[in-house]
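Hi everyone, thanks for coming. I'd like to walk you through one model today, starting where two chains meet and finishing with a single residue.

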Amino acid sequence: MGSQKSINHAAAADKFIANESRTDWHNASVSYLRKKRDVGAALVPEWETLRSLASGIKNNVLGNLDQYLEQFEKNAQANGVQVHWAVDAESHNRIVTSILERHKVKLLVKSKSMLTEECHLNPHLEARGIEVVDTDLGERIIQMRDEGPSHIVAPAIHIKKEEVGELFHDQLQSEAGATDPQYLTEVARQHLREKFLNCDAALTGVNFAVAETGGVVVCTNEGNADMGAHMVPLQIHCMGIEKIIPRQQDLGVFLRLLARSATGQPITIYSSHHQKPKEGGEMHIVIVDNGRSKHLGRDTFRNALKCIRCGACMNSCPVYRRSGGYSYGYTVPGPIGSILTPGFNLEKYKELPFASTLCGACSAVCPTKINIDEQLYKWRQKVYEEDYLDKTKETGLSVAGNVLSSAKKYKRASALMRWALKWMPRFMTHNRFNAWAKKRELPEVPGESFRDWYRKNRK
Amino acid sequence: MESTDARKSILESIRKHRPESSDIPAIPDFESPMSNIVFGFGEVAAANGSKVVHIDDPDQLQEVIKANFPDIGPVYSLVDQIPSTFQLREGAAPVDHQGIDLAILHAELGVAENGAVWVSTESMNPRILPFICEHLVVLLEKSSIRSNMHEAYKEINLKNIGFGVFIAGPSKTADIEQSLVIGAQGARSHTICLL
Ligand code: SF4
């Protein structure tokens, strides 16, 4: 989890919103994803039933994770797959490196994997002389810029086409001044095709690992994961322990929810089911813990492990939309990042639970019904208990503490907050309790604090 | 062995930390909102960027290919009605399939709710085929269309295959400013011949 230096979300957000038109543009692009999600979800009459099923299946998984992992391993091995276990990021990186070195791999093509980002696999491999190419277009763009992802589904959502044009001109010799996404995508296609044809191994992330069948499912729109995995004999799939689902039929529930929640598409273009190695090939699966099993023991917070990484919570979050993915200082940003990270390192990520209005929009869209807003509030309490709090947040917390001390009050306040977000976004984002959202048109004097406003309105 | 110790310690840690088990929910059948799933499949597939062509006889495939791909280069076909023109050396590796302009294969299933077709190693070899080709044509029987993913999975047995994939259209990306671009890393077009 890197350095112990605390992430200062408010300061990072400050920097992000300094460029006003860019903040507006970012807000609009991310909101667009959310709107498409709403359209996609509305087309499925049983949408809410699917969410309940997904949540129920994931609850069952959390209670039986050890057995499902063992079952998965047994079935995968019967399929001829080699299964590896890694307690943390370092051991994950060591395992991948040793497989690659055994095969004398010089060029590895990788497809979108938040886990390998989390483990910082790329620098680890590069230091050992192995070239790593991220093959998802957005991932490739940020890799060429030497950046991390700013969104889990749309990693380059913060970058403008002019910047992509310049980057490709510099590094891929495309036409100077080109900004047409069609042209730029074609440039990337040719560049990546070359890499696919010359790679020695392929590594992908995993969306779902099915205990019953011992196989993994990988979802992409570009086809990049498949272009790698099927091109060469050696394919590696890296997964967190929480990616397990029990039965083949559960895939029906999750594949119906995933793409619709992410981008509003009814399904990703490719949903690839890898069961056995290809003829004469090797298939490896690396199962990674890296803090997850410990998180499983936190009653209040374990639900975060139900996440399927659709990105809907960040697309719905007024704070994420206006502060950008980098302000969270972690691979997974937004509301889900803010409830996962304090579990890894409370001191370092103590600010993140405060990067929220507690409006509840995240929980309302989450396809596995994670109680994200409640967890944000509970992490705030933890930060307070462990005495990590600085003064700015303390006031906000005591108000929240007052409001949240009774369930009834909380309910009413959440409703008010939701209302306020809808009708009074300026007030909500300008008031002095929200250090993260200090922004461009601060009212001269805040008319009333949230506490006053709440008192006046609590009837 | 590092991995063996890790396995033990991860499983132990999970056993120590896991919550009480809850029942796994049964997945009910869902009625399709479509009055005609073949028609519905076509609509959704078209919205995904696929081209849907209706034929009455597999022999009409020739005409469809001629009409839709008049200047097509090397063809790799797994369908009887269309001959392959792509030359492969003996013992060809996946990488040797670079250069296929058009690949034609059988789809085993179609899914009305999302316009996807299912192809697997039961009917396709090598696995790289539907991805590496510039254009993809699949032949799908109307009777193989199911209303939703639940129904589709009832027909599939993952344990019997090496690899299988739902393909829901041509390869695409929206990674540059959310602009939809067709033809990212996989096939640039996706044609479904409905029989
Ligand atoms: S927390 Fe829920 S909404 Fe957010 S990414 Fe995970 S599954 Fe999606």
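Let's begin with a salt bridge: B:Glu113 pairs with A:Arg256, and their closest N and O atoms are 2.9 Å apart. Please keep in mind that this is a predicted model. That pair belongs to a bigger set, since the rule finds eight salt bridges across the interface of chain B and chain A. Polar contacts are there too, with 40 residue pairs at pLDDT 80 or more on both sides.

Which element of chain B gives the most to the side that touches chain A? That's α1(B), with 11 residues. By class, that side of chain B has 36 nonpolar, 23 polar and 14 charged residues.

Now the totals. Here 73 residues of chain B are in contact with 101 residues of chain A. The two chains bury about 7100 Å² between them, and 58% of that is on carbon and sulfur atoms. On the chain B side, B:Ile176, B:Gln178 and B:Gln185 lose the most area to chain A, together 11% of what that side buries.

The strands join in as well: β9 of chain A, residues 270-274, pairs with β8(B) in the antiparallel sense over five bridges. Within that pairing, A:Tyr270 has B:Ile167 as its bridge partner.

Last stop, B:Glu151, which sits in helix α5 of chain B, residues 149-155. Is B:Glu151 buried or exposed? Its relative accessible area is 21%, so B:Glu151 counts as partly exposed, given that buried means under 20%. Its side chain makes a polar contact with the side chain of B:Lys154, at 3.1 Å. Then there's B:Asp29, 122 residues away along the chain, with a C-alpha separation from B:Glu151 of 8.1 Å.

Technical notes:
Residues numbered from 1 in each chain as written. Chains lettered and ligands numbered in written order. Predicted model: local features only at pLDDT ≥ 70, side-chain atom pairs only at ≥ 80, totals over all residues. Heavy atoms only, no water. Helix = DSSP H or I, 4+ residues; strand = E, 2+ residues; numbered from the N terminus. Buried < 20%, exposed > 50% of the residue type's maximum accessible area, 1.4 Å probe, protein only. Polar contact = N/O pair within 3.5 Å; in protein donor to acceptor, adjacent residues only side chain to side chain. Contact = heavy atoms within 4.5 Å. Buried area = accessible area lost by both parts, 1.4 Å probe. Salt bridge = Lys/Arg side-chain N within 4 Å of Asp/Glu carboxyl O. Nonpolar A, V, L, I, M, F, W, Y, C, P; charged D, E, K, R; others polar. Pairing = 2+ DSSP bridges.
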